[in-house]
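Biologist: Could you take a close look at one strand residue and its surroundings, and then set other parts of the model beside it? Please explain each term as you use it.

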Amino acid sequence: MRQWYKCLLLLYTLAIVTACRHDENTSREKEDSLKNRIESLESQLAQMNSDLSTISGVVNALQNQLTVTNIQTDDTDGHIITLSDNSQLTLRVEKNETEKNIPIISVAIFEDMYYWTQTVSGISSYLTDTKGNKVPVTGENATTPLMKINMEGYWTISYDNGANYGLMSDNNGTPIQAVSKEEENDSFSYISFFHNMKIEGSELVLTLADGVVLRLPISENIIPDIESVEITGKVDIEQTEGLKIISLIDEQAISNGAFTASIPQSEQHPQLTFVTNEQNAVLLISREFYGQSSNEINIQSTALALVASHPVFAPVEKENYTELKSMITASPAFSVLCGEIQKSVETNRDLFDINNTALVQALNTVLDELCTPVIGVENHLWKQSASQIMSEYPFQVTQGTDYIEIRNTRLAPPYEYIVRRKGKDNIWEEYERGILPTRDSYGYTDIFKSVGEIHLADPITIQFPIDGEYDFYFDKTTERAAKELQRVLLNDALSIIGVSGNDLTDAVIEGGNLIAEGADIKDYVEYASKLVEKQMEKMIDKKEASPEYLKFLSNAYKFLDKFNAFYSVIKGSANEVARILWAVKAPTPVEFCFSCFKKEIMPCAQSGLKIVSGNNQEGNANNYLSQPLKVQITSINPNDGTPIHARYHQVKFEVIQGNGALSKKLVQTDSEGYAETQWKLGNGSKGEIQKVRAVILDVTTGSEVGTPKEFTAVLTDDLPIDWTCTANHSNITSNSVTISCTYPEVGSNLAVFGLIIDKGDAITLKPWKNLVAEGKEHIFHVDGLSPATTYCYVPYVLYQGIYHKGEKISFTTLPEKDIDIELSKGRVIDLGLSVKWASCNLGASSPEEYGVYFPFNKDMEQTCQTYLTNGLRMPTKENVEELVEKCRTIEFSYMGVKGTLVIGPNGNNIFLPRTGTGYWSYEDPNNPVLKIDSDGRYGMYWTKTVATKSGGWWLGAYTLFSGTNATISVGWEDGPGVDPGHYNMYHTIRPVAN
């Protein structure tokens, strides 16, 4: 029997050890997984830190007035920018979506200095050091931050070149988690802090991930590098003797139908190649993204290139180019065009001979078949989506927390915009101006796509930092807007031959306002041709350009000149959907308005006011009328005519006749637009008429809106009111009682019904409690009474400043039992809330002990990390709010220690001793002492929620406050910055567990 017992005991022990090892293995596996995922992100973090170094370099270049002297592309599609001091910057541009768990680092100007910023979940703030100072990008104390992820999976940042790292927090002081230990698939993708790079005139424009734009001037002497790639292929033509293949940068003989040639390396544009004979007539062409395999130039490639090179289709992006080719070859007239090209080749006729009417007509027919169905598509841009705050052709406007984003749709032209703001002083001031960009290029197939699939231009972001009315004015005809359109049209035309304006960075965009002149396609293709010619002449005069670059310019001019002559005779539907026609047809000016009120943004409403009830009443002098004055504001969204609730439109009431008074003079409307106030008539004789004026007030600007309304009332004789109040009590315990009250019928909702309770047999000037009822019949449940103590109470009505009291009634509480309430047992107590609360303070071993006192820290949990074991953590402000709102409290003493008993919804309880506070005493400056002030009057418990108050200047933390009379509430304790003494405040902590 004993042997069997030993065996069973051994098996039981092995089972326990195995289970423990399993838990340990699971925990270790999670930690190893987290570690591996963090290590796998090192290359992405390195690139993000490289971006920060580049941002610092750009800002320093701006401060030191450096210029860009060269721009190159490296092997990883990054950009190498050389500056006039021979230093270089390397950056990668990625238009990827930001992720919520990645802080976006950028810069902002404050008092003529650049400082580092971060944006988390759409909210931007300055980065600050351990002393709360903004971190400068340049200057004496400048530093470039370094980011990394700690082994717990949280973002950290260093301001001393990696010597020390601190946790990064969001606007609420909450650490930002990058990778979770629990979730295997929560790793992020690399986020470039550079969103866009482009050349505008003589500036290199860099757009950061949060929308901040930095502009570096470009040196007049910059000459772009032409990078090339070698291709091979064959020409499908019977007689190849004497034929050549010509690209933008090369010219080679065709041997036995095969060729090898160099073309510009471009991921953005397809490249053109011409096949010419000995008389320099163009026989065949091709326009392709050439691959590594053999490439063929034939009749079909020529027909495709003629259509795809039209400025309507030329800017098509690589991802849509195959789709475009499929659309072209599917055209019924495509085979006819191929036939005409075949005839032209057989007769050695130049492909671009404008007198070849049959070929010109065949090309026109293909273009008409493709473009006729989509003429007028601009009238069907999109349907209203949930994120859109308005529809205003040709824009898409979406709303964020405290900002709006505005984008151009499809091929709408650039607009110069001005935003004016009117604040509470009711004075307009210019707030912001800039350019709303058009798309640099677009997929022609967008025209056939539904709303959710179309591409949009880059947005402008307008912040709404203060309440007010914001007026938007967009004009496409200004000089600045016209220059921007010229640049984009130039890029469209240059994309015909596979280059962009960036390849001609020294060119100055001139040539008039094409919108005003009503130009068509041939005008801006001719404009591009002349611009290339001008650039070539300039380079020859300077004698600075390489032979390769001059050849590039020469061939670019020849190619454009061919197409320019050809498009002068190509007319039809394609011209109707070209960018220039969209620009001509687009509306101007475009105007709309937004209002911002308490972080809510909405279109400026068209509002009207009407009287609902309360007009033409009769009443007594110095008495309130029986009915309130009630009005309704009806507000309409001017953009679509739908009703909206404009909270910033409130109702102002004012007495304009008689000397009466109003309970409220400025009233916020409810969700249906209703507002009301009580009117107390003034002195006067019977039959006298008194008046009140009501008008809509825009509280963001202080201006009145619409037509005011008037209420009238007539004075009559007085009517008596029965002011009887009754009350009785029940359910008396040692510390509680229930009191039921009934109040008189009073014809005004301004009457206050209440109950005064005091110790002893008389009501004093400062009674123990003054409670307010919620109706004419109310039951009060009163806690916190002392055992074996006499109390008295009186119900009352407060009306027109006069108290009408009921009878005084007394009662005595029961004696306290030896064991009145028993504390709930356990290390953590389930109160029926979202978290469990510990039964003791941190550092304490029983509920009545105060525990350890901790100082304020920007990262509160770092202060007490060694005490937070076995799943304990600090509570958040939200945890405390839940405790206050859902639990009841009783004044309680435990083991002789005064405090508060907190009883959860499920009946379980915890005891909070009133621990007071700790502080450093400097009575002896050479020997400061930590003193504890704990006389049982109050207790302060830290939460982990660190935030700013007082206009966002001072750091502090929320607390759980426990006071006398069993009160608990959410408190606040200032941190560093308010006064030096607050560095020395120490409080206890009551932890929680999930």
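**A strand residue and its surroundings**

Modeller: Thr-917 is found in strand β55, which covers residues 917–921. Helices (H or I, at least four residues) and strands (E, at least two) are DSSP runs, numbered from the N terminus. The model is predicted: local features need pLDDT of at least 70, side-chain atom pairs count only at pLDDT 80 or more, and totals for chains, interfaces and linings use all residues. Residues are numbered from 1 along each chain as its sequence is written, and side-chain values use heavy atoms, with hydrogens and water left out.

Thr-917 counts as buried because its relative accessibility is 6%; buried means under 20% relative accessible area, exposed over 50%, and partly exposed in between (1.4 Å probe, protein chains only). Leaving aside neighbours within four places in sequence, Thr-917 is in contact (heavy atoms within 4.5 Å) with Tyr-853, Lys-931, Ile-932, Asp-933, Tyr-938, Met-985, Tyr-986 and His-987. With Tyr-986 there is also a polar link: a polar atom of the Thr-917 side chain lies 2.9 Å from the backbone oxygen of Tyr-986. A polar contact is a pair of N or O atoms within 3.5 Å; within protein, one must be able to donate a hydrogen and the other to accept it, and residues adjacent in sequence count only if both atoms are side-chain atoms.

Ser-703 may be described in the same order. Ser-703 lies in strand β39 (residues 703–716) and is buried, since its relative accessibility is 15%. Residues up to four places away in sequence aside, Ser-703 touches Lys-422, Asn-426, Ile-696, Leu-697 and Asp-698. The C-alpha atom of Ser-703 is separated by 9.7 Å from that of Gly-423, although their positions lie 280 residues apart along the chain. The side chain of Ser-703 also makes a polar contact of 2.7 Å with the side chain of Thr-701.

The cysteines come next. The model has 1 disulfide, defined as a pair of cysteine sulfur atoms within 2.5 Å. Cys-593 and Cys-604 are the partners, with an S to S distance of 1.9 Å. The pair is 11 residues apart, with Cys-593 in strand β27 (residues 590–597) and Cys-604 in the loop between β28 (600–603) and β29 (606–613). The link of Cys-593 and Cys-604 is left-handed, with -50° about the S-S bond. Both Cys-593 and Cys-604 are buried. Cys-596 is likewise buried, because its relative accessible area is 2%, and Cys-840 counts as buried at 13% relative accessibility.
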